[in-house]
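Biologist: I would like to learn how to read salt bridges in a protein. Could you take me through an example?

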Amino acid sequence: MPIHTSTRLTTTMDISTFITNYREAFGAHAPLPLLFRYDDTPIAETEKTNGCFFKRLHDVRQGQPASLNADNIGCGGGKFYTGFAPMNTYIPDFVSQKEHYKQTPEMVTGYIRDLDVRMTDKAFLNFMRLDQAPSFDHMEGLLFFATPDILSGLCAWAFYDNNDADAVTTLFGSGCSTVVATAVRENRLKGKRTFIGLFDPSARPYVGPDELSFVIPASRFTSMYDTMRQSCLFGTHAWNKVKTRIEHT
């Protein structure tokens, strides 16, 4: 069954307003998140990336959007976790016996089963820096690249209106699975989790040594958009000290 990737967000959520709030909360040096969504058309010509497609996201962070598909994602796992191809049968053995990320192939199979990856019915997965996106409509999520101090603020914001034990969740997996596949599944379930990721050693070389990922799926962002200014990120002594350190890093 193909996934349905048309999460429609309220038109009252304005990108320029959010960026203004985000800059006020985290300072001018905090990198803007990337918005990712499935589309029928590409937003940029994108060359094939051999290996992990997180190599390509470095350029997106610099302002060069990317349109990923089955042809230009060079990693079999990347194609699978983005919904462009079925799982290759070698993946459980490769992840367990070659990469040693899971003790047994059966554990890999169980992880993939629980993630419930489905084929997309769209042609492209577009990534763009938030200031280049026309709106939040139809996005799967926002991907933040966060230092520990920025991550502290993002988690505090996510916990502000959510007491659930899994309000902020960490799942070990490939970069593409913990960013894209988790957000897609969460949206399909209309869930409220957010995700910390990029613990995968295979993806680590393509991000800063002090960075992890933080993903807010669209289904969660609809409520978090309105709570940022209510949270500790505005007007509290404790956060202002952290923000000052972010601004001087």
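Biologist: How many salt bridges does the structure hold?

Modeller: This is a predicted model. The structure holds eleven salt bridges.

Biologist: What counts as one?

Modeller: A Lys or Arg side-chain nitrogen must lie within 4 Å of a carboxyl oxygen of Asp or Glu. Take E24 and R229: their side chains meet at 3.1 Å, N to O. That is within 4 Å, so the pair counts.

Biologist: Which parts of the chain does that pair link?

Modeller: Distant ones. E24 sits in helix α1, residues 15-26. R229 sits in the loop between α8 (218-227) and α9 (237-247). The two are 205 residues apart.

Biologist: Is E24 buried or exposed?

Modeller: Partly exposed, at 37% relative accessibility. R229 is partly exposed too, at 43%.

Biologist: Show me a pair with a buried partner.

Modeller: Look at R220 and D161, in a salt bridge at 2.6 Å, N to O. This pair also links distant parts of the chain: R220 is in helix α8, and D161 is in the loop between α6 (148-159) and β5 (168-170). They are 59 residues apart.

Biologist: Why does R220 count as buried?

Modeller: Its relative accessible area is 2%. Buried means under 20%, so R220 qualifies. D161 has 38%, so D161 is partly exposed.

Biologist: Which residues are joined into one network by salt bridges that share partners?

Modeller: D116, R118 and R188. Within that network, the side chains of R118 and D116 meet at 3.0 Å, N to O. R118 is partly exposed at 26%, and D116 is partly exposed at 30%.

Terms used. Residues are numbered from 1 along each chain as its sequence is written. This is a predicted model: local features need pLDDT of at least 70, side-chain atom pairs count only at pLDDT 80 or more; totals for chains, interfaces and linings use all residues. Side-chain values use heavy atoms; hydrogens and water are left out. Helices (H or I, at least four residues) and strands (E, at least two) are DSSP runs, numbered from the N terminus. Buried means under 20% relative accessible area, exposed over 50%, partly exposed in between (1.4 Å probe, protein chains only).
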